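Here are a few exercises to work through with the model open beside you. Try each task before reading its solution.

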Amino acid sequence: MEFAGAVETRRPIRETPLQKLGREIGNFGAGIVRLAFLCAFLTPVLLFAFLTVDLPFRGFDHFFDMARAKPGNWLSVGYFAMAAGPAIVILIARRFGGDEASRVVTASWAFAAFAGVSYLSPELEEGDMPGVAYTVAFVGSSILGQFTAAAVYDVTRGGEAWWRAPFFAALSAYLVQTVLYFPIAYWTSEAPWINWMVEDVGLKGFVIVAFLGVYRLMMRRLRPRGGFGG
């Protein structure tokens with residue numbers, strides 16, 4: 001007569017409610033620390049852009065002959081600095097995913113708005129801030145552009161073409177920013193803002209090319225986590 005060999009079975013260790021609570025609190029705390037760390041890269045860009053939004057940037061004027069066509073007529077230091085926003089968001093999305101990058105955008109803008117209201121507003125005098133239309137155009141187009149960068153990057157990431165996701169994410173973000181910014185800011189103005197839109201698209205094309213070079217150099221250091229492609 002044959003006897004079946006005894007098979008030792010072990011019950012899985014069940015997590016107690018207290019252990020689960022501790023694990024969830026630990027994960028939450030780690031997430032908050034990571035969010036604060038990542039916001040430290042985007043928030044200074046936003047604050048610097050706010051402080052310099054009314055300063056003309058004339059670095060590209062010598063490429064244009066006509067006075068009305070010079071970018072210095074519409075391009076400010078703050079608007080130019082804000083172009084770094086989508087690039088930072090894309091790098092964060094590569095490492096931690098689009099959802100985390102979107103949370104960084106939300107938290108960074110919230111902190112920047114709080115800092116502006118709490119510390120900058122009492123020091124401002126009448127005439128220091130631009131008009132309502134310009135402010136709405138600048139802030140709204142920048143926020144939506146950065147959210148677009150995170151979303152498009154997540155959709156297009158993966159595959160053999162390393163440049164595809166950052167290119168389409170940056171292009172989409174900058175187009176959203178341009179298409180929203182100029183009509184809202186200059187709709188009632190007699191300024192040639194449609195021509196300025198064309199100039200803005202051209203300048204941002206150079207920004208995208210430069211960013212792709214930076215992205216390529218940082219690919220190995222920013223390897224995706226959590227199974228994200230790229």
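**Exercise 1.** Which residues line the largest cavity?

Before you start, note that this is a predicted model, in which local features need pLDDT of at least 70 and side-chain atom pairs count only at pLDDT 80 or more, while totals for chains, interfaces and linings use all residues. Residues are numbered from 1 along each chain as its sequence is written, and side-chain values use heavy atoms, with hydrogens and water left out.

*Solution.* Begin with the term: on a 1 Å grid over the protein atoms alone, a cavity is a set of points where a 1.4 Å probe fits but cannot get out, whereas a pocket is an open set with protein on both sides within 12 Å along at least five of seven lines; lining residues have an atom within 4 Å of a point. The lining consists of Phe-60, Trp-74, Leu-75, Tyr-79, Phe-80, Ala-83, Asp-200, Leu-203, Lys-204 and Val-207. Next, look at the elements: α2 (77-81) and α7 each give two or more of these residues, and α7 has the largest share, with 4 residues. By class, 8 are nonpolar, none polar and 2 charged. Finally, the space inside is about 80 Å³.

**Exercise 2.** Describe the second largest pocket and find the helix that gives the most to its lining.

*Solution.* The volume is about 190 Å³. Its lining is made up of Phe-37, Leu-38, Phe-41, Ile-88, Leu-91, Ile-92, Arg-95, Phe-96, Met-218 and Leu-222. Both α1 (17-51) and α3 (84-96) supply at least two of them, and α3 gives the most, 5 residues. The class count is 9 nonpolar, no polar and 1 charged.

**Exercise 3.** Which residues have the most contacts inside the largest nonpolar core?

*Solution.* A nonpolar core joins buried (under 20% relative accessible area, 1.4 Å probe, protein chains only) Ala, Val, Leu, Ile, Met, Phe, Trp, Tyr and Cys residues through side-chain atoms within 4.5 Å. This one has 52 residues, and those with the most contacts are Trp-74, Ile-90, Phe-138, Tyr-181, Phe-182 and Tyr-186. The largest share, 9 residues, comes from α6. Now take Tyr-186: leaving aside neighbours within four places in sequence, Tyr-186 is in contact (heavy atoms within 4.5 Å) with Trp-74, Tyr-134, Tyr-181, Trp-193 and Trp-196.

**Exercise 4.** Check the span of helix α5 against the expected one.

*Solution.* α5 covers residues 132-156, 25 in number. The expected span is 1.5 Å times one less than the number of residues. From first C-alpha to last, α5 reaches 36 Å, close to the expected 36 Å. Just after α5, Gly-158 takes a positive phi of about 95°.

How values were computed. Points joined across faces, edges and corners; volume = space filled by probe spheres on them. Nonpolar A, V, L, I, M, F, W, Y, C, P; charged D, E, K, R; others polar. Buried < 20%, exposed > 50% of the residue type's maximum accessible area, 1.4 Å probe, protein only.
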